[in-house]
Protein chains: 2
Amino acid sequence: MARPRNFDPDIVVEVAMRAFWEHGYAGASFDKLVDDTGASRHGIYQEFGDKTGLLLSTLLHYEQTVLHKLTLELRGEKAALPEIRQFFQRVAKVARYDTEGAGCFMCNSHIEMEAEPQIREYTESFFQRLQRLFRRCLSQAQAQGELEPEKNITALSHYLVGLVRGISVNARSNPSAKAYDAYIEVALSVLK
Amino acid sequence: MARPRNFDPDIVVEVAMRAFWEHGYAGASFDKLVDDTGASRHGIYQEFGDKTGLLLSTLLHYEQTVLHKLTLELRGEKAALPEIRQFFQRVAKVARYDTEGAGCFMCNSHIEMEAEPQIREYTESFFQRLQRLFRRCLSQAQAQGELEPEKNITALSHYLVGLVRGISVNARSNPSAKAYDAYIEVALSVLK
DNA sequence: TTAATTCCAGAACATTCGTTCTTTAACCAT
DNA sequence: ATGGTTAAAGAACGAATGTTCTGGAATTAA
């Protein structure tokens, strides 16, 4: 009865995610998003409300795809230290090498959009969930004898969340590969 | 013979530094800088060239004042581990508590202005100098028996530079004071 | 074929930004 | 006191941005 849409919202989200990730929220203009996604301005507004709404959708997509993959083993029943280390190796790779130094999209948005309550609420909840996930793994590590029982796993879990953000910002800081890799390795040595 | 200037360039730099630090380069508009500094638009352009030139001047000022104070003992002849720890305690305090979570101005600018060669050249050189300073202290620490001789002090120094950026971004991420302090403490535990 | 509906393309709008220009005012050597 | 020089104040400009609006096109039920 009516003219059908000429674009795929899933593609819009995927393409917009890459744009926001690479250039930041402010650096990805609406005009360029229209060009890159192949959708119409009107269509994007109808589907996502406004630019912030589109960003939120891309962040959800980022968690459900990129982060979901990175945390796969971390979410396993018996996950402990090896799974944590594997997670960080993957994060380090994605943040710097797979994206040419774009960092972590969640971390980037968390900083750039701190003034936007809608985004901030979501990113903060994500990092809180991540912290609890780390703590669970650390607890398992203690139960399995991988980690000394006197270690403060709550403090350690907060540290690991901070490390994710640290890795992201360092990936974006264009240090030498040597400096970056050394940073990661030393940072993870606290889990020994 | 000519009308004298009605503003103090030193005050302009100091005030602009606070504005850039708190709101970022893009977030501190020229109009607001004119208002806050009390200088004239014309005067600022004549003195600093353009907005980027003003930013560069504020970064130099930041290094000569804030950072100079933070690294005072670190630059001492016999500086070693205690001086490094003191430096990070100070950085952690400034980045979060003294500035209401504005982070480190050098780190912020390093990230936000990565596309501006003039700024990038300067911030990169700063972090390089900082890395060498750390390595010197770590070397002293080994000489004084504070640090095990088999430790890779080059890797450690790269880690410490990465940690400065990590502290900055975490200070801006509004974690709880508990989470932030835990992050700092665990991060520094690698120096034990 | 027609009518109703929804879409697309892009013009238009309102804002904001960094920068430049114009006008007026302030100073001082003479 | 005055002419020459430079600063101040802010209007003006051009570019860019997110958002809205307009005119025409595509689709389908009748």
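# A walk around DNA strand C and the two protein copies

Start with α3(A): with three residues, this helix gives the most to the surface near DNA strand C. Keep in mind as you click around that this is a predicted model.

**Stop 1: the surface near the DNA.** Now select everything around DNA strand C. You should pick up 22 residues, and those that come nearest are A:R3, A:N6, B:M1, B:F30 and B:K51. On the DNA side, colour the strand by sugar, phosphate and base: sugar and phosphate make up 70% of the strand C atoms that come within 4 Å of the protein. Then colour the protein side by residue class. The surface near the strand splits into ten nonpolar residues, seven charged ones and five polar ones.

**Stop 2: three polar contacts.** Zoom in on A:N6, one of the nearest residues. Here a backbone N or O atom sits 2.7 Å from a phosphate oxygen of DNA strand C. Hop over to chain B and select B:Y45, where a polar side-chain atom is 2.8 Å from a phosphate oxygen of DNA strand C. For a contact with a base, go to B:R3: an N or O atom of its side chain lies 2.9 Å from a base nitrogen of the strand. Before leaving, show residues 41-48 in both chains as cartoon. This is α3 of chain A and α3 of chain B, the elements that give two or more residues to the surface near DNA strand C.

**Stop 3: the two copies.** Hide the DNA and superpose chain B on chain A. A turn of 180° with a shift of 0.0 Å along the axis does it, and the RMSD is 0.0 Å. The two copies are therefore related as by a two-fold rotation axis. To find that axis from chain B, select B:G166, whose C-alpha is the nearest to it in that chain, at 2.0 Å. Next, highlight the contact residues of chain B: 100% of them recur in chain A, so the same surface serves both copies.

**Stop 4: the cysteines.** How many disulfides are there over all chains? The count is zero. Select A:C107 and look for the nearest cysteine sulfur: that of A:C104 is 3.5 Å away, and A:C107 is in no disulfide, since the pair would have to be within 2.5 Å. A:C107 is also buried, with a relative accessible area of 4%. Finish at A:C137, whose sulfur is 17 Å from the closest cysteine sulfur, again in A:C104, and so too far for a bond. A:C137 is buried as well, with a relative accessible area of 1%.

Key
Residues are numbered from 1 along each chain as its sequence is written. Chains are lettered from A and ligands numbered from 1 in the order in which they are written. This is a predicted model: local features need pLDDT of at least 70, side-chain atom pairs count only at pLDDT 80 or more; totals for chains, interfaces and linings use all residues. Side-chain values use heavy atoms; hydrogens and water are left out. Copies are superposed by least squares on the C-alpha atoms of residues with pLDDT of at least 70 in both. Contact means heavy atoms within 4.5 Å. Buried means under 20% relative accessible area, exposed over 50%, partly exposed in between (1.4 Å probe, protein chains only). A residue is near a molecule or strand if one of its heavy atoms lies within 4 Å of it. A polar contact is a pair of N or O atoms within 3.5 Å; within protein, one must be able to donate a hydrogen and the other to accept it, and residues adjacent in sequence count only if both atoms are side-chain atoms. Helices (H or I, at least four residues) and strands (E, at least two) are DSSP runs, numbered from the N terminus. Ala, Val, Leu, Ile, Met, Phe, Trp, Tyr, Cys and Pro count as nonpolar, Asp, Glu, Lys and Arg as charged, and the others, Gly among them, as polar.
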